Amino acid sequence: MMKWIDKRNPKYFAYDSYGGNCMNFASQILYAGGIHKTKGWNWYDDWVYAHSWIAVKSFAEYASGASKKELYCKCNDNYYRGNVGDIVLIGVESPRNHATVISDLILNDRGETVDYLLCCNTTNLKNFPAAAYHYTNQQLFRIYGWND
């Protein structure tokens, strides 16, 4: 995750000029973390991909309807239950404008999560506090993995 925040992974097309690269970045992180490509979520080359790989709204729709054999996740989980590598979708009126990935947790003195540090590469933010983000509508997508 940290390697590609301020630059683009040359193995993938950069969609900055097509509405942003944030979901593509988040998908690359999920894939690098071991999440398997499926018919509904994949990228093979610049123009052969599932829309859910590169578009925030499409990813949210895919993840919400995916079977546990495709992507085992909990959409709209309790916001403070996230872990490093989970996806936080954010926006103004709905959390479907921008994708970020949790890079660290901010804990209080009781060990409870009070905020997240987020990474994204459309705006190239590294370890940026979620509470300071200009988009305040935030939704956690807790990623557990996949089942064969």
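In this predicted model, the side chain of Thr 38 makes a polar contact with the side chain of Tyr 62, at a distance of 2.8 Å. Thr 38 belongs to the loop that runs between α1 and β1, the latter spanning residues 43-45, and with a relative accessible area of 13% this threonine is buried. When its neighbours within four places in sequence are set aside, the residues in contact with Thr 38 are Tyr 62 and Glu 70, so that Tyr 62 appears both as a contact and as the partner in the polar contact.

Aromatic rings were considered next. A search of the whole structure finds 16 aromatic pairs. One of these is formed by Tyr 12 and Trp 53, whose rings are stacked, with 6.1 Å from centre to centre and an angle of 20° between the planes. Because Tyr 12 lies in the segment before α1 (22-32) while Trp 53 lies in helix α2 (residues 51-54), this pair ties together parts of the chain that are 41 residues apart in sequence. The word "stacked" applies here because the planes are under 30 degrees apart, the angle in this pair being 20°. Both Tyr 12 and Trp 53 are buried. The two residues also take part in a cluster, in which ring pairs link Tyr 12, Tyr 31, Trp 41, Trp 43 and Trp 53.

Charged side chains are also found over aromatic rings. Lys 37 lies over the face of Trp 53, at 5.9 Å from the ring centre, and Trp 53 is thus a residue that has a lysine over its face as well as a stacked tyrosine partner, Tyr 12. In another case, the charged end of Lys 7 sits over the ring of Trp 4, at a distance of 5.7 Å from the centre of that ring.

Pairs of opposite charge form a further group of interactions. Side chains of opposite charge can pair when their charged atoms come close. Across the whole structure, the search finds five salt bridges. Arg 142 forms one with Asp 86, the closest N and O atoms being 3.1 Å apart. This pair links distant parts of the chain, since Arg 142 is in strand β8 (residues 137-145) and Asp 86 is in the loop between β3 (72-77) and β4 (87-91), with their positions 56 residues apart in sequence. Arg 142 is buried, its relative accessible area being 14%, and Asp 86 is likewise buried, with a value of 2%.

A salt bridge also joins Arg 8 and Asp 16, where the closest N and O atoms are 2.9 Å apart. Here Arg 8 is partly exposed, with a relative accessible area of 23%, and Asp 16 is partly exposed as well, at 33%. The side chains of Glu 112 and Arg 110 meet in a further salt bridge, with 2.7 Å from N to O; in this pair Glu 112 is partly exposed, with a relative accessible area of 37%, whereas Arg 110 is exposed, with a value of 62%. In addition, Lys 74, Asp 77 and Arg 81 are linked in a network of salt bridges.

The loop between β3 and β4, which holds Asp 86, is also the place of Gly 82. At 2% relative accessibility, Gly 82 counts as buried. Gly 82 and Leu 140 are 58 residues apart in sequence, yet their C-alpha atoms are 6.8 Å apart in space. Leaving aside its neighbours within four places in sequence, Gly 82 is in contact with Ile 102, Leu 105, Tyr 116, Leu 140 and Arg 142, and among these contacts Arg 142 is the residue described above as forming a salt bridge with Asp 86.

The cysteines were examined last. A disulfide is a covalent bond between the sulfur atoms of two cysteines. In this structure the count comes to zero disulfides. Cys 22 is in no disulfide, and the nearest cysteine sulfur, which belongs to Cys 120, is 7.2 Å away; Cys 22 counts as buried, at 7% relative accessibility. For Cys 75, the closest cysteine sulfur is that of Cys 73, at 3.8 Å, which is too far for a bond, because a disulfide calls for sulfur atoms within 2.5 Å. At 22% relative accessibility, Cys 75 counts as partly exposed.

Note on methods:
Residues are numbered from 1 along each chain as its sequence is written. This is a predicted model: local features need pLDDT of at least 70, side-chain atom pairs count only at pLDDT 80 or more; totals for chains, interfaces and linings use all residues. Side-chain values use heavy atoms; hydrogens and water are left out. Rings of Phe, Tyr and Trp (its six-membered ring) pair if their centres lie within 6.5 Å; planes under 30 degrees apart count as stacked, over 60 as edge-to-face and the rest as tilted. Helices (H or I, at least four residues) and strands (E, at least two) are DSSP runs, numbered from the N terminus. Buried means under 20% relative accessible area, exposed over 50%, partly exposed in between (1.4 Å probe, protein chains only). A charge sits over a ring if NZ of Lys or CZ of Arg is within 6 Å of the ring centre and within 35 degrees of the ring normal. A polar contact is a pair of N or O atoms within 3.5 Å; within protein, one must be able to donate a hydrogen and the other to accept it, and residues adjacent in sequence count only if both atoms are side-chain atoms. Contact means heavy atoms within 4.5 Å. A salt bridge is a side-chain nitrogen of Lys or Arg within 4 Å of a carboxyl oxygen of Asp or Glu.
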